[in-house]
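Grab a pencil and work through the exercises below with the structure open beside you. Each one sets a task and then walks through a solution.

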Amino acid sequence: MTRPEKLTTQHTSSTQTTTTTTTTAHGYCCWHNGDAEDVRLIDVLETVSRGGAPALFACPPCRDRYRLVPLADR
Ligand SMILES: [Zn+2]
């Protein structure tokens with residue numbers, strides 16, 4: 001019916017310093033329980049249990065499979 005013509009693209013490639021890059025990186029995917037490239041933060045656990053991850057990351061295949069939306073895109 002209607003095509004999404006207005007896409008809110010986020011360009012964050014202005015000045016990327018190599019100090020702390022925690023948004024998009026190689027990390028641990030909580031959905032397939034393994035390391036993955038280009039993981040994104042999906043959700044943050046408010047109560048951090050001992051030994052548990054305080055944040056939930058997902059890789060692109062898992063985000064596509066489970067239709068996960070990163071926190072930054074909400
Ligand atoms: Zn995954």
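Before starting, one term: two residues are in contact when heavy atoms of theirs lie within 4.5 Å. Also keep in mind that this is a predicted model.

**Exercise 1. Work out which residues are the protein donors of the zinc ion, and what arrangement the donor atoms make.**

Step 1. Collect the donors. They turn out to be Cys29 through SG, His32 through ND1, Cys59 through SG and Cys62 through SG. Their distances from the zinc ion run from 1.9 to 2.3 Å.

Step 2. Check the angles. To count as tetrahedral, four donors need all angles between 85 and 135 degrees. Here the four donor atoms subtend angles of 104 to 115 degrees around the zinc ion, so the arrangement is tetrahedral.

Step 3. Read the donors along the chain. Their spacing is C-x2-H-x26-C-x2-C.

Step 4. Ask what the site ties together. His32 sits in the loop between β1 (25–29) and β2 (34–44), while Cys62 belongs to helix α1 (residues 60–66), so this pair links parts that are 30 residues apart in sequence.

Step 5. Look at how accessible those two are. His32 has a relative accessible area of 37%, so it is partly exposed. Cys62 comes in at 5%, which means it is buried.

**Exercise 2. Find out how many disulfides the structure holds, and check Cys30 for a possible partner.**

Step 1. Recall what you are looking for. A disulfide is a covalent bond between the sulfur atoms of two cysteines.

Step 2. Apply the cut-off. The pair of sulfur atoms has to be within 2.5 Å.

Step 3. Try Cys30. Its closest cysteine sulfur is in Cys29, but that one is 6.6 Å away, so it's too far for a bond. Cys30 itself is partly exposed, at 22% relative accessible area.

Step 4. Give the total: the structure holds zero disulfides.

**Exercise 3. Lay out the sheet: give the strand order, the pairing and the edges.**

Step 1. Start with the order. The sheet is open and has three strands, arranged β1-β2-β3 with antiparallel pairing.

Step 2. Spot the edges. β1 and β3 (55–58) each have a single partner strand, so one side of each has no neighbour in the sheet. From one strand to the next, the twist averages 60 degrees.

Step 3. Go through the β1 and β2 pair. Four bridges join these antiparallel strands. Among the matched residues, Gly27 has Ala36 in β2 as its bridge partner, and Tyr28 has Asp35.

Step 4. Do likewise for β2 and β3. These antiparallel strands are joined by four bridges, and Leu41 stands opposite Phe57 in β3.

**Exercise 4. Hunt for positive phi values at Asn33, Asp38 and Arg67, and say where each residue sits.**

Step 1. Begin at the hairpin of β1 and β2. There are four residues between the strands, and Asn33 takes a positive phi near 55 degrees.

Step 2. Move to Asp38. This residue isn't a glycine, yet its phi is positive, at about 60 degrees. You'll find Asp38 in strand β2, and with 34% relative accessible area it is partly exposed.

Step 3. Finish with Arg67, another non-glycine with a positive phi, this time about 55 degrees. Arg67 lies in the segment after α1, and its relative accessibility of 75% makes it exposed.

**Exercise 5. Starting from Leu71, work out which residues it is in contact with beyond its neighbours within four places in sequence.**

Step 1. Place the residue. Leu71 is in the segment after α1, and it's partly exposed at 33% relative accessible area.

Step 2. List the contacts. With neighbours within four places left aside, Leu71 touches Leu41, Ile42, Asp43 and Val44.

Step 3. Put a distance on one of them. Leu71 and Ile42 are 29 residues apart along the chain, but their C-alpha atoms are separated by 5.3 Å.

**Exercise 6. Locate Leu45, then give its C-alpha separation from Leu56.**

Step 1. Leu45 falls in the loop between β2 and β3. At 36% relative accessibility, Leu45 is partly exposed.

Step 2. Leu45 and Leu56 are eleven residues apart in sequence, and the C-alpha to C-alpha distance is 7.5 Å.

Technical notes
Residues are numbered from 1 along each chain as its sequence is written. This is a predicted model: local features need pLDDT of at least 70, side-chain atom pairs count only at pLDDT 80 or more; totals for chains, interfaces and linings use all residues. Side-chain values use heavy atoms; hydrogens and water are left out. Donors are N, O and S atoms within 2.8 Å of the metal (3.2 Å for Na, K and Ca); water is not among the atoms, so sites may look incomplete. Four donors count as tetrahedral if all angles lie between 85 and 135 degrees; four count as square planar and six as octahedral if opposite donors are over 155 degrees apart and all others between 65 and 115; anything else is irregular. Helices (H or I, at least four residues) and strands (E, at least two) are DSSP runs, numbered from the N terminus. Buried means under 20% relative accessible area, exposed over 50%, partly exposed in between (1.4 Å probe, protein chains only). Two strands pair if DSSP finds at least two bridges between them. Axes are lines fitted to C-alpha atoms, for helices over the stretch in contact, and angles run from 0 to 180 degrees between N-to-C directions.
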